[in-house]
Amino acid sequence: MLTLERGAEAVVSAADFLGREAVVKARRPKSYRDPQLDLSLRSARTRKEARLLQAARRAGVRTPYVYDIDMREASITMEMVRGPRLRDILSPELDSLEQVCSAVGEALAKLHRAGISHGDLTTSNMILADDGLCLIDFSLGSMPASVEDLGVDVHLLRRAFMSAHSDIHWTFEALIDGYRRGNPAAEAALAKADDIQSRGRYT
């Protein structure tokens with residue numbers, strides 16, 4: 001299989017699943033852990049991520065379809081989603097810039113309304129597919145999510161717009177408008193994000 005990404009925890013490879021383009025995300029063994037404990041941890045994290053992907057889809061958020069889960073290999077086989085990562089296309093030249101940012105806020109609202117946090121919500125984990133915005137990599141997510149978890153999602157997004165996308169930082173307001181429209185409990189998460197930012201500033 002062709003390796004697409006190699007992270008600290010997992011390797012993502014291109015694959016074929018019953019004639020469909022797919023990717024396999026496999027959590028690699030850690031030699032410093034007891035083998036049985038290692039397999040148990042990797043399997044549990046794999047199961048949790050698959051569950052979050054499916055729960056997010058049920059909540060109306062575009063995520064890759066899960067085709068197969070292999071507990072012994074601690075791997076998920078899922079849909080290959082074609083399209084650019086948001087981190088690579090967000091710029092003042094993007095015609096639909098505000099609409100895309102609003103769509104991010106709306107997707108986040110659906111997640112949070114369903115009690116799901118993403119855990120690593122950056123523009124690297126968003127793909128602009130032909131059928132809309134797709135969120136990927138729920139390995140750090142949680143369900144049911146606490147207000148702190150939801151605040152972390154908002155905080156990470158704001159930090160991305162203030163640093164990696166500082167040339168379009170003003171579009172973060174369109175994102176938050178979309179978030180507020182779709183989530184009646186938005187203010188609690190926004191207040192928690194402010195609290196998290198303050199903690200980081202003074203520690």
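# Asking how the labels are earned

Analyst: Let's start with one pair: Ile69 stands opposite Ile76 in strand 5. This is a predicted model, where local features need pLDDT of at least 70 and side-chain atom pairs pLDDT 80 or more, while totals for chains, interfaces and linings use all residues. Residues are numbered from 1 along each chain as its sequence is written, and side-chain values use heavy atoms, leaving out hydrogens and water.

User: What makes strand 4 and strand 5 a pair?

Analyst: Two strands pair if DSSP finds at least two bridges between them. Strand 4 and strand 5 (residues 75-79) have four bridges, in the antiparallel sense, so they meet that rule. The names are DSSP runs numbered from the N terminus: helices are H or I with at least four residues, strands E with at least two.

User: In what order do the five strands of the open sheet come?

Analyst: The order is 1-2-3-5-4, with antiparallel pairing.

User: Why do strand 1 and strand 4 count as edges?

Analyst: Strand 1 (3-6) and strand 4 (66-70) each have a single partner strand, so one side of each has no neighbour in the sheet. On average, neighbouring strands here are turned by 20° against each other, direction ignored.

User: Which helix packs on the sheet, and which strands does it touch?

Analyst: Helix 1 (residues 35-58) does, touching strand 3 (20-27), strand 4 and strand 5. Its direction makes about 25° with that of strand 5.

User: Why are helix 4 and helix 5 called roughly antiparallel?

Analyst: Helix 4 (residues 147-162) and helix 5 (residues 172-182) pack at about 160°, with axes 10 Å apart. Angles run from 0 to 180 degrees between N-to-C directions, and axes are lines fitted to C-alpha atoms, for helices over the stretch in contact. Under 35 degrees counts as roughly parallel, 65 to 115 as roughly perpendicular, over 145 as roughly antiparallel and the rest as oblique. The angle of about 160° is over 145, so helix 4 and helix 5 are roughly antiparallel.

User: Which residues make that contact between helix 4 and helix 5?

Analyst: Val154, Leu157, Arg158, Phe161 and Met162 of helix 4 meet Phe172, Leu175, Ile176 and Tyr179 of helix 5. Contact means heavy atoms within 4.5 Å. By class, there are eight nonpolar, no polar and one charged residues; Ala, Val, Leu, Ile, Met, Phe, Trp, Tyr, Cys and Pro count as nonpolar, Asp, Glu, Lys and Arg as charged, and the others, Gly among them, as polar.

User: How do helix 3 and helix 4 lie to each other?

Analyst: Helix 3 (residues 97-113) and helix 4 pack at about 165°, with axes 11 Å apart. That makes helix 3 roughly antiparallel to helix 4. Cys101, Val104, Leu108 and His112 of helix 3 touch Leu150, Asp153, Val154, Leu157 and Phe161 of helix 4. These residues divide into seven nonpolar, one polar and one charged.

User: What makes Glu9 and Arg45 a salt bridge?

Analyst: The rule asks for a side-chain nitrogen of Lys or Arg within 4 Å of a carboxyl oxygen of Asp or Glu. Their side chains meet at 3.6 Å, N to O, so the pair qualifies. Glu9 lies in the loop between strand 1 and strand 2 (10-17) and Arg45 in helix 1, so the pair ties together parts 36 residues apart in sequence. By this rule, the count comes to 19 salt bridges.

User: What joins strand 6 to strand 7?

Analyst: A hairpin does, through two residues. Strand 6 (residues 126-129) and strand 7 pair in the antiparallel sense over four bridges, and Met126 has Leu135 in strand 7 as its bridge partner.
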